Amino acid sequence: MIAKALGTMLTGIALAAIAAAPAVAQQKASVKVGFVTFLSGPASGPFGVPARIAAEAIVESLNAGKAPAPYQIKGIGGLPIELVVIDEAGGATKQVSEYRTLVQRQDVDIVIGYIGSGDCLAIAPVAEELKKLTVLLDCGTPRVFEEGSYKYLFRTRPHATMDAVAATMYLLDNRPAVKRIAGINQNYAYGQDSWNDFEATIQVMKPGVDIVTSQMPKFGAGQYGSEISALHSANADVVHSSLWGGDLEAFMLQAQPRDLFKKSVLVLVAGEPYLHRLPGKIPDGTIVGARGTNGVFAPDSPLKRWLVETYKGKSGGVDPNYPAYSTAQAFLGVKAAWERAAAKKVGSAIPMGAAKNVKEEMEKAYQPPTQEEVIAAFEKSTFDTPSGKVHMTLGKGHQAVTGTAYGTTRLENGVVKVGNIKYYDADRVTPPEGVSSLDWIRSGFKR
Amino acid sequence: MSQFIAVLVDGIVYSSWLFIIAVGLTLIYGVMKILNIAHGSLYALGAFTSVTLCGLWFNAGLPPMGSYLMLLLSAILVGLVAGPVIERGLLRFMYGKDEVVLVLVTYALFLILEDLIKLIWGVDPLFITGPGGESPYSLLGNFEVAGLTYPNYNLVLIAVAVATGGALAWALARTRSGKLLLAVIHDREVSAALGINVGRIYFVTFTIGAMLAGVGGALTAPTVSVVTGMGAEVIVLAFAVVVIGGLGSLPGAALGALIVGLVRAAAVHYLPEVELFSIYFVMAVVLILRPKGLFSGAEVRKI
Amino acid sequence: MKLDRTSFAILAMGAILLIAGPALPSWMVSMLNVSLCYGTVVLGMMLLMRNGIVSFGHGLYFCLGAYAAGLLDQMLKMPDMLLMVGAAVVVTGVVSAILGLLLAKYRDIFFAMLSLAFSMILYGLLVKTASLGSTDGFNVAAKTVAGFAVAPESQRLMVYSLAVVFATVSAFFLHSYLASHQGRLAGAIKDNELRVEYMGASVMRAVHRNYVISAVLAGIGGALMAVNIGHIDPEMTYWPQSGEFVFVAILSGTGSVFAPLGGALVFEAIRSFAYEYSPNTWQMVLGITMLLVMIFLPGGLWSLFTRKREG
């Protein structure tokens with residue numbers, strides 16, 4: 001019986017191994033991109049699904065060669081993009097297994113994705129081990145490139161430190177008299193980091209402010225009655241919040257009728273994706289950001305119009321929010337690097353005056369660039385995106401920086417508009433290479 | 001002093017909410033000995049249904065006050081549709097199995113319903129709001145205590161909690177069906193031998209339990225944004241309440257809800273750092289002191 | 001110790017998996033590796049289930065084992081695989097010996113719930129500990145085995161081989177233990193505790209011992225998983241993780257120590273293919289599979305192998 005069970009198990013393993021063996025290597029016909037994003041759970045609505053819609057819209061448009069300059073070449077370097085979408089839900093342990101599956105069983109060329117910071121941290125060393133070009137999409141933690149150094153890993157959007165720094169600058173510019181600060185953030189890594197950064201920044205920029213209360217409800221708590229009472233009783237001038245998704249919406253629905261915001265100005269560092277969803281629930285005068293010049297903060301350009309148009313075609317008319325802009329940054333960053341690598345290859349391969357092997361050399365030059373060549377072209381690059389220029393300057397050229405912006409909301413004809421927008425350059429709000437975010441803030445923003 | 005009053009008010013409101021989401025769970029466990037993880041999904045179903053029905057109501061331009069009827073109707077719908085389908089279609093084949101197997105059956109059901117909800121309503125957070133921003137949450141106006149403003153909707157929660165608890169207690173103690181139910185709770189086999197239709201009692205109990213989960217979801221919907229995964233967040237909380245009070249005990253669920261609600265409100269006001277595990281801490285302490293919860297009958301030993 | 005057929009089969013399985021490792025495609029090595037880590041935890045769940053007890057909080061020890069391994073790397077700078085597993089054994093052994101004193105008195109759903117409460121308290125504590133990365137956790141890298149450095153290219157194979165060895169040894173000892181006088185008490189306790197007491201054995205002590213063994217197995221599984229995945233976070237002690245262990249244990253059945261290991265592999269394969277082929281409804285696929293197994297194979301997958309003989 002046991003021998004039989006053992007036999008069955010091992011035969012099964014062997015059969016599966018044969019069945020799944022990759023087909024004999026063929027001429028490259030497409031670029032297979034594994035795209036990982038939340039398709040279920042609380043992060044799917046505001047982040048995961050907009051990112052998926054954006055990815056599908058962008059890939060379709062790129063494959064058709066419909067993107068504006070400098071991205072008019074079809075697909076990536078002329079090869080069509082093939083998307084494999086995977087759910088990011090389930091935690092870092094499962095994501096590492098799924099990542100291995102994507103790379104080893106599905107044999108993708110590039111992995112783009114990951115919204116959760118824990119997932120990004122966990123994937124980083126595995127990408128390095130499997131030597132697979134991986135572009136992190138949206139996670140906020142600065143720890144990825146502050147604690148490690150990677151060759152195959154890139155992040156095409158800035159990390160979350162600038163949320164707090166720019167928010168404080170904006171707040172003090174517009175309301176220099178603030179004295180009493182309160183916070184409500186989810187009790188998990190991002191919420192804690194966001195509050196700690198903000199608390200540290202404001203204490204450096206305006207010594208002597210009172211931190212009156214810091215509420216840390218459980219992630220997904222849903223009921224904020226007690227927290228709202230506590231914030232109310234604290235009589236704060238400013239309430240800082242990095243709440244997002246269903247939690248933010250529940251908090252706003254419950255806080256608004258209780259007049260909390262008649263007393264306190266609300267700062268929503270991750271508020272941009274909700275503006276169109278919460279008309280009448282976001283009080284006028286709320287300070288919002290989008291971690292970068294995304295969404296309402298994106299300056300007008302052909303690329304922005306292209307993203308808005310292609311995205312709306314897939315989303316049923318909804319405007320792209322900042323996760324959609326992040327997705328565009330990731331795809332366009334890879335495309336730019338790939339095509340630059342290909343161009344370089346062709347440029348350097350033309351055998352000047354040589355008569356021998358011209359045909360072979362040319363054929364070789366027109367092969368798609370290798371992964372190493374793409375990486376070399378990606379490092380320290382600068383490329384255009386719908387949110388403006390992205391510079392890969394931190395993390396030895398693997399971590400993007402961009403400027404950011406904050407603005408103030410007001411309700412106009414049932415639509416939330418953002419006015420009084422202020423832009424902040426990347427080097428005012430991002431720590432320099434080699435300095436951890438919190439150290440940089442505490443040093444008084446030394447460069 | 002005013003902070004203490006705020007703790008009391010916040011605590012009682014939160015307790016009422018907890019009791020509403022937990023009472024169906026304890027009822028089903030008490031009668032059927034099933035710790036129903038799918039209770040969380042039924043709660044979510046109630047919430048999603050009420051978003052849809054209230055949306056239809058508002059879009060039809062009907063008087064906003066009627067949205068409360070829609071909340072009630074959603075709960076009844078969930079009870080009358082999902083309850084019988086689950087009980088007749090699945091659970092009745094499982095009776096007599098180990099308690100743990102039954103928990104896992106409902107866990108499997110929970111997984112299936114989570115994706116089903118996603119397939120029907122999508123993943124975008126939804127909320128109830130009329131064309132002019134009306135919501136059952138704010139329609140009733142506010143009251144003020146200790147310098148704080150609270151929507152009167154909170155009073156609705158308290159009233160529903162008290163009414164539900166009272167009605168169930170009355171039905172169990174005073175009606176014929178209630179007494180039959182108590183007999184089944186006490187000894188299923190003897191009750192069956194005495195001619196009680198145990199199958200029917202299970203059917204009715206599960207339907208009522210599902211309806212109560214639906215009530216919880218429907219009453220929560222106006223206060224939150226209704227989002228996939230909301231059932232998972234609630235179910236462990238409801239477990240904690242029910243276990244603290246004593247599984248299957250109605251007064252236990254009430255007391256459990258009150259303790260958890262007050263402890264959490266106090267934590268938020270005085271010691272926000274410990275809010276995260278205050279509930280589980282209370283649960284562990286209560287179970288250590290009273291292994292079967294605060295209200296629990298003696299169990300018959302088998303030899 | 002006398003070796004029966006099952007013991008030989010366990011050793012044979014270990015040997016085959018070890019030898020096959022280098023020949024298998026790397027994705028399959030990864031999948032087997034994860035299953036072996038899971039399987040080791042589920043071995044412990046099986047031992048508890050033989051006593052008629054189910055823990056809804058075994059994530060506690062899975063997580064403690066992983067964090068013990070991780071902290072050895074993070075704080076003491078001793079990234080040695082064997083030491084990590086050793087640390088996990090010590091930490092989970094001590095914690096379970098203490099909590100076990102309390103839990104051994106509990107049965108049924110109350111045992112399940114109290115263990116759940118403990119695991120959630122650990123979750124809360126870890127989420128509050130910003131220095132350990134809160135919910136983001138931190139990365140773990142094991143670089144040596146018993147002091148010998150491992151070349152980076154053979155790292156994966158080493159991690160896998162270690163998982164094979166520990167899973168095999170765990171299964172081997174659990175099998176011997178279940179066949180011993182002490183181990184056989186488990187079934188008797190499940191049937192009727194009073195009778196066990198009348199026989200002169202202490203139910204408390206037996207349950208306590210089994211609890212500690214199962215916790216240590218979960219700790220080993222956690223440490224192996226930490227080394228395998230390279231990252232740990234508090235999710236490992238969150239309730240769905242514990243629920244998953246119960247799920248795999250029920251899916252597997254408790255007939256033999258092979259059941260948890262095979263069941264873990266089946267579970268991992270279903271989950272992985274469901275993620276791949278049905279990314280929007282993988283939960284539903286898992287739920288339906290689970291229902292089908294519980295309806296048609298009440299004894300778990302293992303009953304597929306025993307049914308014929310009984311018939």
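Visitor: What share of the 447 residues of chain A counts as buried, and what makes a residue count as buried?

Guide: In this predicted model, 57% of the 447 residues of chain A count as buried, the criterion being that 20 or more other C-beta atoms lie within 10 Å of the residue's own.

Visitor: How do you know whether the radius of gyration of chain A agrees or disagrees with that of a compact globule?

Guide: A compact globule of 447 residues would have a radius of gyration near 22 Å, and because chain A has 24 Å, the two values are taken to agree. Along the principal axes, the C-alpha trace of this chain spans about 80 × 75 × 45 Å, and its secondary structure comes to 16 helices and 15 strands. Of the contacts in chain A between residues at least 6 apart in sequence, 71% join residues at least 24 apart.

Visitor: Why do strands E7 and E15 of chain A stand at the edges of their sheet?

Guide: The sheet is an open one of seven strands with mixed pairing, in the order E7-E6-E8-E9-E10-E14-E15 of chain A. Strand E7 (210–215) and strand E15 (415–424) each have a single partner strand, which means that one side of each is left without a neighbour in the sheet. From one strand to the next, the twist averages 25°.

Visitor: What makes strand E6 of chain A a partner of E7(A)?

Guide: Pairing requires at least two bridges between the strands, and five bridges join strand E6 (residues 180–184) to E7(A), so the requirement is met. The two strands run parallel, and one of the bridges puts A:Arg180 opposite its partner A:Asp210 in E7(A). Helix H8 (residues 225–233) of chain A packs on this sheet, where H8 touches E6, E7 and strand E8 (238–241), and the direction of H8 makes about 175° with that of E7(A).

Visitor: How do you know how helices H2 and H11 of chain A are placed relative to each other?

Guide: Two packed helices are described by the angle between their axes and by the distance between those axes. For helix H2 (residues 44–63) and helix H11 (residues 302–315) of chain A, the axes come within 9 Å and cross at roughly 120°, and the crossing is right-handed. From H2(A), the residues A:Ile53, A:Ala54, A:Glu56, A:Ala57, A:Ile58 and A:Ser61 meet A:Thr310, A:Tyr311, A:Gly313, A:Lys314 and A:Ser315 of H11(A). By character, the residues of this contact divide into five nonpolar, four polar and two charged.

Visitor: Why is B:Leu45 called buried?

Guide: The cut-off is 20 or more other C-beta atoms within 10 Å, and B:Leu45 has 29 of them, so B:Leu45 is buried. B:Leu45 lies in helix H2 (residues 39–59) of chain B and, leaving aside residues up to four places away in sequence, touches B:Val78, B:Ala82, B:Ile117, B:Gly214 and B:Gly217.

Visitor: What makes the radius of gyration of chain B agree or disagree with the globule rule?

Guide: For 303 residues, the compact globule would have a radius of gyration near 19 Å, and since chain B has 20 Å, the value agrees. The C-alpha atoms of chain B fill a box of roughly 65 × 45 × 35 Å along the principal axes, and 57% of its 303 residues count as buried. Chain B has eleven helices and two strands, which run α-α-α-α-β-β-α-α-α-α-α-α-α from the N terminus on.

Visitor: Which residues make up the contact of chain A with chain C, and which element gives the largest share on the side of chain A?

Guide: This contact takes 38 residues from chain A and 41 residues from chain C. The largest share of the side of chain A, eleven residues, comes from H1(A). On that side, the residues divide into 23 nonpolar, ten polar and five charged.

Visitor: How many residues does the contact of chain C with chain B take, and what is their character on the side of chain C?

Guide: The contact takes 34 residues from chain C and 33 residues from chain B. Helix H5 (108–128), helix H10 (239–252) and helix H12 (282–296) of chain C each supply at least two residues of the side of chain C, and the largest share, 13 residues, comes from H5(C). The residues of this side divide into 25 nonpolar, six polar and three charged.

Methods: Residues are numbered from 1 along each chain as its sequence is written. Chains are lettered from A and ligands numbered from 1 in the order in which they are written. This is a predicted model: local features need pLDDT of at least 70, side-chain atom pairs count only at pLDDT 80 or more; totals for chains, interfaces and linings use all residues. Two residues are in contact if their C-beta atoms, placed from the backbone, lie within 7 Å. Helices (H or I, at least four residues) and strands (E, at least two) are DSSP runs, numbered from the N terminus. Ala, Val, Leu, Ile, Met, Phe, Trp, Tyr, Cys and Pro count as nonpolar, Asp, Glu, Lys and Arg as charged, and the others, Gly among them, as polar. A residue is buried if 20 or more other C-beta atoms lie within 10 Å of its own, exposed if 12 or fewer, and partly exposed in between; C-beta atoms are placed from the backbone. Axes are lines fitted to C-alpha atoms, for helices over the stretch in contact, and angles run from 0 to 180 degrees between N-to-C directions. A crossing is left-handed if the near helix is turned anticlockwise from the far one by less than a right angle, and right-handed if clockwise. The radius of gyration is taken over C-alpha atoms; the globule rule is 2.2 Å times the number of residues to the power 0.38.
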